[in-house]
Amino acid sequence: MSKLAQNVQTTTLSRATLMFPLALVLFEFSVYIGNDLVQPAMLAITKEFGVSSSWAPSSMSFYLLGGACVAWLLGPISDRIGRKKVLLAGVIFFILTCLLILLTDNIESFLTLRFLQGFGLSVISAVGYAAIQETFEERDAIKVMALMANISLLAPLLGPVLGAFLIDHVSWHWGFIGIAFLAFLSWFGLKAKMPDYKVKARKQPFSYIWDDFKQVFKNKTFLGMTFGLPMVAMPLMLWIAISPVMLVEELGLSSMQYGLAQFPVLGGLIVGNIVLIKVIDKWALGKTVLMGLPLMLIGTLILLLGMVWKDYFLHCLIIGMTLISFGEGISFSVLYRFALMSSEVSKGTVAAAVSVLMMLSFFFVIELVRVLYEHFHLWAFSLSCVALIALWFSFPRMMLNKIMQGRKLRGEF
């Protein structure tokens, strides 16, 4: 096992220390809107490239696959040379890929660039989030993560509306130009405000990365919390990936109506994060998860009710997804903290392991549900959401109870 001495001292949340998370969340917003603005435009893009609309969800799944493929390397590298250097380089790479996609003229090259753009997801999750967790004390780190989530949620709220505007009035190309510009602004903020903790040179060879990962993946608590994360986040990811086809093609909504349908669903996630920030200092850490997941399960059952009650399917869909997103809002940041702190290995490596498992899970589930959707349509989406949340009540729930019992025995609130 390797532990890196990084001379990191946690700090409390203040107006001055908040500048780094705000700069990071601007990049996070750029990366997220790089998906949420593009997804509603995918029907137009697939038509432009002369391929079936069934390719539309692949834009998101390849984006996520790109995030999974480099996380294993970015985290350990940032442990060794410093998070700031890796983060700044990652922002520049993301900007370049956003500009290069403007030159694509077929679906294959488009998806290749989407894959490369997905590296930005790893820069955030394997490097940026690790820096946040190291910089701030436990509950402040959770507050910062929830606050960042709320700001970054402007991406899926604004993305569909902006995407619809681009389709109707200009071209999808301008979306990537705007995304590259936002990422460029975030680079300056990160360069000025991100703490630059010095890492001590390690004498072990770089091959020790494998040993670190083996130790992380042998940790049952880590596996329980980390596999629980995509189960909690996946229903909303499926909504973002499939809702353009589901709402516009299947249910006949206009592009603007599709954009407006995102507001209550993603608004639930915003409210959930706000509630988490309000109660995190008053409740035992993990209690919000024990409340949030049953709410999410109720939300998935409402989706099934809509499948039976066809005339009110759209209403049940919006209500059910809103409950699901609210439950995710009060749960996800806490689960992420538990996953990251479940191992003693250096946090860049642990964050990379979390990112790899999450992104691969997202990719395979989205592609699987995409194929199922072609055959079973709305049933495929609804049953997939039910199955994902129901699975959380197995091994992940058991590991969460174990963590909370351990904290109680140690006298940790």
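**Cavities, a pocket and the core**

Q117 is buried, at a relative accessible area of 0%. That puts Q117 well below the 20% under which a residue counts as buried. The residue sits in helix α5, which covers residues 107–117. Setting aside residues up to four places away in sequence, Q117 touches Y63, F94, T97, C98, I101 and F176.

All of this comes from a predicted model, so a word on confidence is in order. The protein averages a pLDDT of 85, and 91% of the residues score at least 70. Among the elements, helix α13 (residues 287–308) comes out with the highest mean pLDDT, 95, while helix α8 (residues 154–169) has the lowest, 70. Residues 1–7 are another matter: the pLDDT there is below 50, although this stretch has 24 contacts in the model beyond near neighbours in sequence.

Next, the empty space inside. The structure holds 4 cavities of 30 Å³ or more, and the largest of them has a volume of about 710 Å³. Its lining is made up of 33 residues, with Y32, Y129, M237, E328 and F332 lying nearest the centre. Plenty of helices chip in: α1 (19–36), α3 (58–81), α6 (119–135), α7 (138–152), α11 (220–250), α12 (255–279), α14 (313–340) and α15 (347–376) each supply at least two lining residues. By character, the lining of this cavity splits into 23 nonpolar, 7 polar and 3 charged residues.

The largest pocket, which is open, holds about 230 Å³ of space. Around it stand E138, T221, R337, F338, M341, S342, K402, I403, G406, R407, R410 and E412. Two elements give two or more residues to this lining, α14 and α17 (395–409), and α17 provides the largest share, with 4 residues. Here the split is 3 nonpolar, 3 polar and 6 charged. Helix α14 therefore turns up in the linings of both the largest cavity and the largest pocket.

As for the packing, the largest nonpolar core has 131 residues. Those with the most contacts inside this core are F110, W239, L317, M321, Y336 and F381. Helix α11 gives the most to the core, with 17 residues. F381 shows what such contacts look like: leaving aside neighbours within four places in sequence, F381 is in contact with P235, L238, W239, M246, L303, L317 and M321. Of those partners, W239, L317 and M321 also appear in the list of residues with the most contacts inside the core.

Back to helix α13, where two leucines are worth a look. L295 lies in this helix and is partly exposed, with a relative accessible area of 26%. L295 falls outside the buried class because buried means under 20%. Not counting residues up to four places away in sequence, L295 touches L323 and F326. L295 and L323 are 28 residues apart in sequence, yet their C-alpha atoms are 6.3 Å apart in space.

L305 also lies in helix α13. At 45% relative accessibility, L305 counts as partly exposed, since the exposed class starts only over 50%. L305 and T322 are 17 residues apart in sequence and 15 Å apart in space, C-alpha to C-alpha.

Terms used
Residues numbered from 1 in each chain as written. Predicted model: local features only at pLDDT ≥ 70, side-chain atom pairs only at ≥ 80, totals over all residues. Heavy atoms only, no water. 1 Å grid on protein atoms, 1.4 Å probe; cavity = no way out; pocket = protein on both sides within 12 Å on 5 of 7 lines; lining within 4 Å. Points joined across faces, edges and corners; volume = space filled by probe spheres on them. Nonpolar A, V, L, I, M, F, W, Y, C, P; charged D, E, K, R; others polar. Buried < 20%, exposed > 50% of the residue type's maximum accessible area, 1.4 Å probe, protein only. Contact = heavy atoms within 4.5 Å. pLDDT = per-residue confidence, 0-100. Core = buried A, V, L, I, M, F, W, Y, C linked by side-chain atoms within 4.5 Å.
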